[in-house]
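Trainee: I have just opened this entry and would like a guided tour. Could we go through it together, step by step?

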Amino acid sequence: LITQIWLDQPGKTAELRLILVANSIGCAIARLYAEYYPGRVEALLLLDPMIANSEFDWFPDPDSRDFDSSELPPDVTADVLRQQRTKFANFFAPDVINKEGLDRRNLAELLPYSDKPRLAPTHGYDPVVTVVEHDPGRFALESLQVRANVHRTLELNS
């Protein structure tokens, strides 16, 4: 679609070069576009990208043999961890279709590495890739208003 819009413009003679700005799952889409159309993407700005090759298993498993409850912050219990792990799995797991209807089940296959695809140099310069992560404290506060409902101490310590 992007290419067609470009080609439909009268008098376009220069090669199509893109700077893609994406957020969350859109970052995976931007990376796939860059891989599918090598040399067309000049820069990527990835804002709080989702991890394409992860089960989002960020919190310790209180049911694991290696679990040590003495390492937890004072206001976090094993039950809080179980609840948090369930909430994250229900919201972020690759087999959960997001609210936009995007299916993430095959993203680990499509984008198995965090450092690929490598963008091709353009006009003698290496391309620019910038990744901006969320602020953990702000994310914890804002997530209280959405389904993920991250326990504040867990987010601040992750």
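Mentor: Happily; the questions below go through the cores, the salt bridges and one backbone angle.
Mentor: This is a predicted model, where local features need pLDDT of at least 70, side-chain atom pairs count only at pLDDT 80 or more, and totals for chains, interfaces and linings use all residues. Residues are numbered from 1 along each chain as its sequence is written, and side-chain values use heavy atoms, with hydrogens and water left out.

Trainee: Which element gives the largest share of the largest nonpolar core?
Mentor: A nonpolar core is a set of buried Ala, Val, Leu, Ile, Met, Phe, Trp, Tyr and Cys residues joined through side-chain atoms within 4.5 Å, and buried means under 20% relative accessible area, exposed over 50%, partly exposed in between (1.4 Å probe, protein chains only). The largest such core has 12 residues, among them L16, A22, Y33 and L119. Two or more residues come from each of β1, α2 and β2 (41-47); helices (H or I, at least four residues) and strands (E, at least two) are DSSP runs, numbered from the N terminus. The largest share, four residues, comes from α2.

Trainee: How many salt bridges does a search of the whole structure find?
Mentor: A salt bridge is a side-chain nitrogen of Lys or Arg within 4 Å of a carboxyl oxygen of Asp or Glu. One of them joins R85 and D61 (3.8 Å, N to O), linking helix α3 (residues 78-92) to the loop between β2 and α3. Over the whole structure, the search finds three.

Trainee: Which residues are joined into one network by salt bridges that share partners?
Mentor: R82 pairs with D63, with the closest N and O atoms 2.8 Å apart, and D79 also forms a salt bridge with R82, at 2.9 Å. D79 and R82 are about one helical turn apart, because they lie three residues apart in helix α3. The shared partners join into one network D63, D79 and R82.

Trainee: Is D63 buried or exposed?
Mentor: D63 sits in the loop between β2 and α3, 19 residues from R82. Its relative accessible area is 54%, so D63 is exposed.

Trainee: What is the phi of S24?
Mentor: Most residues other than glycine have a negative phi. S24 lies in the loop between β1 (18-23) and α2 (25-36), and is partly exposed at 31% relative accessible area. Although S24 is not a glycine, its phi is positive, at about 55°.
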